[in-house]
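I am opening my notebook on this structure and will set down, entry by entry, what I looked up.

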Amino acid sequence: MKKKCSGFISAPAGRLFLLAIFIMITLGLVPALALADSALASSLSSPYSPEEFARRRLALMELVASSYPGSDPNASASSYPGASPKPGAGPGSSPSPGTNANSLIILFASSGHSDSASTAAHFRQDNDFYYFTGCEDADAVLVMLPATREAMLFVPEKSAGEKKFEGPNSLDDPTARDRFKVGAILPLSNFDEFLARFYGRQKPVFYLRLSPGDTVSGARYESALYQARGQRNGYNSRLTLDQLRAERFRQLFPAARLEDVTSLIDSMRMIKSPEEIAVLRRNGQISAEAVKKAMLASRPAAFEYELEAAAMEVLLRNGCRGPAFAPIIGSGPNTCIMHYDRNNRQMQAGELVLMDFGGDLNYLTMDITRTWPVSGKFTAEQKKIYRTVLEVQKACIEAFKPGITSKDVGDYVARRLKEKGIDPMGLRGGLGHLVGMCVHDVQTSPGPLVLKEGMVMAIEPALYFPDKNIGIRIEDTVLITRDGCDVLTSSVPKEIEEIEALLSRRN
Ligand SMILES: [Mn+2]
């Protein structure tokens, strides 16, 4: 980031700049300079091109158009990612034969104010809405017409007071239409009338997200699960926004057919584009650096939250919005609690500390776990268990390539450990979870997953012995490539000797 700015500094300006630094050092203002630099980095525009979002919308519209009976089977979405759009499939071209002219795809932005009293997080756009727009306006609506391949945004009109407190949105921005590459940006107050006019057509079909939405840290299946758990106490239960929206459509447009667009979206989100891969690579480096800093901040008598502070600083300084999930930093007995996130215990010499961490950079997450000895040296018993988990993890990574299933990985790991003469201690290799806009990212079917190029997956074998206060998990996030995989989080050590060498550098 610094490199990009240096070209703007002319010679006299450079002297002024040096003078300013001198004054700042004299006044003890150097930290302010460092913060200003970080703020500059985060003010750089989105790493995604407007064309990226246009391509995604086109691909989804093609998927919807081709999902109709009698539609042209060759019109399936081959345009994303990788292959270039088919000629004649661009905006403004005539609809392909068989396309149902009466379908609309409608996706909703996040609501402006978080309804959870327990979070003070920054606004984060709804994943599916962001994926197809790149737009961070609250309460907006994206509408796509598969028949004509058109897209438009409905954005709330803001009062002068709202603009004063929150800033304007893209309805006030004359460049927004080009930035989002949509046909129109209209006031949200026109939306109901737009729908009413569309409803007048024969047999209208609305494609909505009828499945649960996901968040940065909550998968679709988890949203449904937590809702079900909330129902155990009737006073805590409520419908989700997606359920309420579907209900409203059923009430207002009873003759329309509602279709679920979720699985079509998921089939796209599962495969990462080159622009997404560039962000994921950078997030892998930032998140690995963060865990490394936390390792260096650990010592006997340190509180778990001190490690969290060290890691969070690296994320925020490098433009992440925050963590991808509540950081898990457990020492001693807490290493055995898989989703421990109180992070308030004081760690002791002789114990292990387990840290599960990742950043949220430009709407893409990362997932790393490392386990290390607080004192800097593994005991013989810790080392033996650690080595087993590490060998299983490395064998999984060796096995990862397109076409592979969980069973294939398990078979490979079993063979590999046998060759090396290592007791797997009951640990079996397999696939992990996909990683993307959500840290437990979308997956189209609950059936067996087959790896494909462009998928990103966390691999996180673990062994837990609560009676010994030993929990060991080692996790990396990898990108599936043409013939194998790239470890995106490789710059934080995981070999026993590397970890002990790093820890020996602590003061
Ligand atoms: Mn994970």
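Before I turn to the cavities I note a term: helices (H or I, at least four residues) and strands (E, at least two) are DSSP runs, numbered from the N terminus. I also keep in mind throughout that I am reading a predicted model.

Entry on the cavities. I looked for enclosed space and found two cavities of 30 Å³ or more. The largest cavity has a volume of about 80 Å³, and I listed its lining as Ile106, Leu107, Phe108, Asp126, Leu208, Arg209, Leu210, Asp242, Arg245 and Ala246. Strand E1 (103–108) and helix H10 (241–252) each supply at least two residues of this lining. When I sorted the lining of the largest cavity by character, I counted six nonpolar residues, four charged and no polar.

The second largest cavity holds about 40 Å³ of space, and its lining consists of Tyr48, Arg56, Tyr130, Tyr131, Glu276, Asn362, Tyr363, Leu364 and Met437. Here the division is six nonpolar, one polar and two charged. Where does the second largest cavity lie with respect to domain 1 and domain 2? Domain 1 (50–269) and domain 2 (274–503) both contribute residues to the lining, so this cavity lies between them.

Entry on Ser49. I found Ser49 in the loop that lies between helix H3 (30–43) and helix H4 (50–66). Is Ser49 buried or exposed? I noted a relative accessible area of 19% for Ser49, and since buried means under 20%, Ser49 counts as buried. I then compared its place in the chain with its place in space: Ser49 and Gly134 are 85 residues apart in sequence, and their C-alpha atoms are 8.9 Å apart.

Entry on the six-stranded sheet. I traced an open sheet of six strands in the order E4-E3-E2-E1-E5-E6, with mixed pairing. Strand E4 (184–187) and strand E6 (257–260) stand at its edges with a single partner strand each, so each has one side without a neighbour in the sheet. From one strand to the next the twist averages 25°. I followed one pair in detail: strand E5 (residues 205–208) and E6 run parallel and are paired over four bridges, with Tyr207 standing opposite Glu259 in E6.

Entry on the four-stranded sheet. I traced another open sheet, of four strands in the order E13-E14-E17-E18, whose pairing is antiparallel. Its edges are strand E13 (433–434) and strand E18 (485–487), each with a single partner strand, so one side of each has no neighbour in the sheet. Within this sheet, strand E14 (residues 456–459) is joined to strand E17 (residues 476–480) by four bridges in the antiparallel sense, and I noted that Ile459 stands opposite Asp476 in E17.

Entry on strand E12. Why is strand E12 (residues 368–373) described as largely enclosed by the rest of the structure? I checked its residues and found that six of the six are buried, so E12 is largely enclosed. Ile368, Arg370 and Trp372 point one way from E12, while Thr369, Thr371 and Pro373 point the other way, and all are buried. Strand E9 (residues 352–357) pairs with E12 in the antiparallel sense over six bridges, and in that pairing Leu354 has Thr371 of E12 as its bridge partner.

Key
Residues numbered from 1 in each chain as written. Predicted model: local features only at pLDDT ≥ 70, side-chain atom pairs only at ≥ 80, totals over all residues. Heavy atoms only, no water. Buried < 20%, exposed > 50% of the residue type's maximum accessible area, 1.4 Å probe, protein only. Pairing = 2+ DSSP bridges. Axes fitted to C-alpha atoms, helices over the stretch in contact; angles between N-to-C directions. 1 Å grid on protein atoms, 1.4 Å probe; cavity = no way out; pocket = protein on both sides within 12 Å on 5 of 7 lines; lining within 4 Å. Points joined across faces, edges and corners; volume = space filled by probe spheres on them. Nonpolar A, V, L, I, M, F, W, Y, C, P; charged D, E, K, R; others polar. Domains from an automatic or database assignment.
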